[in-house]
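Please open the structure in a viewer and keep the selection panel at hand. The tour proceeds by successive selections, each followed by a description of what is there.

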Amino acid sequence: MVSRSRPQLPHPRIGGAFDTPVRPGSGWPGDPATRRTAVAATPAEVTEMAASARSLKQLDAEVSVCRACPRLVQWREEAAAVKRKSYADQPYWGRPAPGFGSEQPRILVVGLAPAAHGANRTGRVFTGDRSGDFLFASLHRSGLANQATCTDSADGLQLNDIRVAAAVRCAPPENAPTPAERTACAPWLDAEWRLTGADVRVIVALGGFAWQVALALVRRNGGSVGTPAPKFGHGATATLTTPRGDVELLGCFHPSQQNTFTGRLTPAMMDDIFATARAMSA
């Protein structure tokens with residue numbers, strides 16, 4: 001674990017003084033946890049706590065302090081301590097990133113994992129890096145976000161009828177969580193689905209891994225996906241049967257720089273995805 005003796009630094013918007021990683025209950029904007037929030041230290045405890053969560057507020061708090069995967073804990077805190085040079089004067093969140101957005105979403109967006117110097121720095125999923133810039137700008141153009149920018153956890157961003165979550169909540173080395181880490185984190189997404197799934201009509205999967213995560217999520221929670229299982233593609237759709245009714249799965253290339261800088265994913269292409277998601281969810 002990273003030493004807490006490192007100097008405190010001000011939040012880039014609200015100032016103050018914060019440790020890196022940020023201590024629960026220390027006043028970081030958007031921090032759902034307190035000093036008394038229960039901490040999952042093993043995958044078994046993740047399973048137990050996720051199953052017993054009774055609200056998104058409780059779930060987000062417990063996600064945000066999870067320490068069940070030692071490799072991910074070490075990596076996220078090391079990245080927070082070393083920092084990127086351009087953020088050397090800022091504290092880093094250095095903790096798991098919970099879901100963000102509506103508590104009763106009709107659209108659920110699923111990504112892979114936080115970025116080491118994006119959500120791992122800001123504390124809000126898909127915030128503070130170019131992937132998030134691309135995503136939230138599209139959500140704004142599509143009428144699903146109140147603003148196009150997503151710089152930090154106190155910037156005023158709000159989502160409308162949509163929630164964004166990562167399949168793995170900690171920033172992983174080389175953006176590649178292990179199969180065991182994916183499995184350990186899955187109960188958090190199951191709980192998020194349980195607490196929001198009555199309203200969700202569309203799942204937007206950002207990339208092929210998120211597509212597989214969405215299929216597994218529906219299967220684990222009493223639904224069916226058909227045989228053969230639907231294949232990922234940009235704009236691909238599949239109707240999934242769940243105990244609460246049919247849900248549409250919609251594929252979208254991930255807004256990584258590898259895709260957006262090469263033109264594989266353009267702003268118009270992503271806007272089309274969210275226009276389709278809105279129509280499907282109406």
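Which residue in strand 5 does G111 stand opposite? Select G111 together with strand 5: the residue opposite G111 is A166. The model is a predicted one, and every stop below refers to that prediction.

**The sheet as a whole**

Select the strands of the sheet next. The sheet is open and has 6 strands in the order 3-5-4-6-8-7, with mixed pairing. Its edge strands are strand 3 (100-101) and strand 7 (237-242), each of which pairs on one side only. Strands of a sheet pair through backbone hydrogen bonds, in either a parallel or an antiparallel sense.

**Strand 5 and its two neighbours**

Now restrict the selection to strand 4 (residues 107-111) and strand 5 (residues 162-166). These two strands pair in the parallel sense, over 5 bridges. One of the pairs to display is I107 with its bridge partner I162 in strand 5.

Add strand 3 to the view. Strand 3 and strand 5 run antiparallel and are joined by 2 bridges. Here the bridge partner of G101 is R163 in strand 5.

Keep strand 5 alone and show its side chains. Is strand 5 mostly covered or mostly uncovered? Strand 5 is mostly covered, with 5 of its 5 residues buried. In a regular strand, side chains alternate between the two faces of the sheet. In strand 5, I162, V164 and A166 point one way, while R163 and A165 point the other way, and all are buried. R163 is thus worth highlighting twice: as the partner of G101 and as one of the buried residues of the strand.

**Strand 6 and its two neighbours**

Move to strand 6 (202-206). How many bridges does strand 6 form with strand 4 in the parallel sense? Strand 4 and strand 6 pair over 4 bridges, and L108 stands opposite I203 in strand 6.

Then select strand 8 (245-252). Strand 6 and strand 8 run parallel and are joined by 5 bridges. For L206, the bridge partner in strand 8 is C252.

With the side chains of strand 6 displayed, the strand proves mostly covered: 5 of its 5 residues are buried. V202, V204 and L206 point one way from strand 6, I203 and A205 point the other way, and all are buried.

**Helix 7 on the sheet, and helix 6 beside it**

Select helix 7 (residues 208-220), which packs on the sheet and touches strand 4, strand 6, strand 7 and strand 8. The direction of helix 7 makes about 20° with that of strand 7.

Add helix 6 (residues 179-196). The axes of helix 6 and helix 7 come within 10 Å and cross at roughly 65°, and the crossing is right-handed. To display the contact, select R182, A186, L189, D190 and W193 in helix 6, which meet F209, V213, L217 and R220 in helix 7. Classified by residue type, this contact has 6 nonpolar, no polar and 3 charged residues.

**Helix 6 and helix 2**

Retain helix 6 and select helix 2 (residues 56-63). The two axes come within 10 Å and cross at roughly 165°. Because of that angle, helix 2 is roughly antiparallel to helix 6. Helix 2 passes helix 6 in a left-handed crossing. On the helix 2 side the contact is made by L56, L59, E62 and V63, and on the helix 6 side by W188, A191, E192, L195 and T196. By class, the contact has 6 nonpolar, 1 polar and 2 charged residues.

**Helix 5 and helix 9**

Select helix 5 (residues 130-141) and helix 9 (residues 267-281), which pack at an angle of about 55° with their axes 9 Å apart. That angle makes helix 5 oblique to helix 9. The crossing of helix 5 past helix 9 is right-handed. In helix 5, display F134, L135, S138, L139 and R141; these meet P267, M270, D271 and F274 in helix 9. The contact has 6 nonpolar, 1 polar and 2 charged residues by class.

**Last stop: a loop glycine**

Finally, select G27. Where is G27 found? G27 lies in the loop between strand 2 (15-18) and helix 1 (43-52). Leaving aside residues up to four places away in sequence, G27 touches I14 and F18. The C-alpha atoms of G27 and A17 are separated by 9.3 Å, and these residues are 10 residues apart along the chain.

Key: Residues numbered from 1 in each chain as written. Predicted model: local features only at pLDDT ≥ 70, side-chain atom pairs only at ≥ 80, totals over all residues. Heavy atoms only, no water. Axes fitted to C-alpha atoms, helices over the stretch in contact; angles between N-to-C directions. Parallel < 35°, antiparallel > 145°, perpendicular 65-115°, else oblique. Left-handed = near helix turned anticlockwise from the far one by under 90°. Contact = heavy atoms within 4.5 Å. Nonpolar A, V, L, I, M, F, W, Y, C, P; charged D, E, K, R; others polar. Pairing = 2+ DSSP bridges. Buried < 20%, exposed > 50% of the residue type's maximum accessible area, 1.4 Å probe, protein only.
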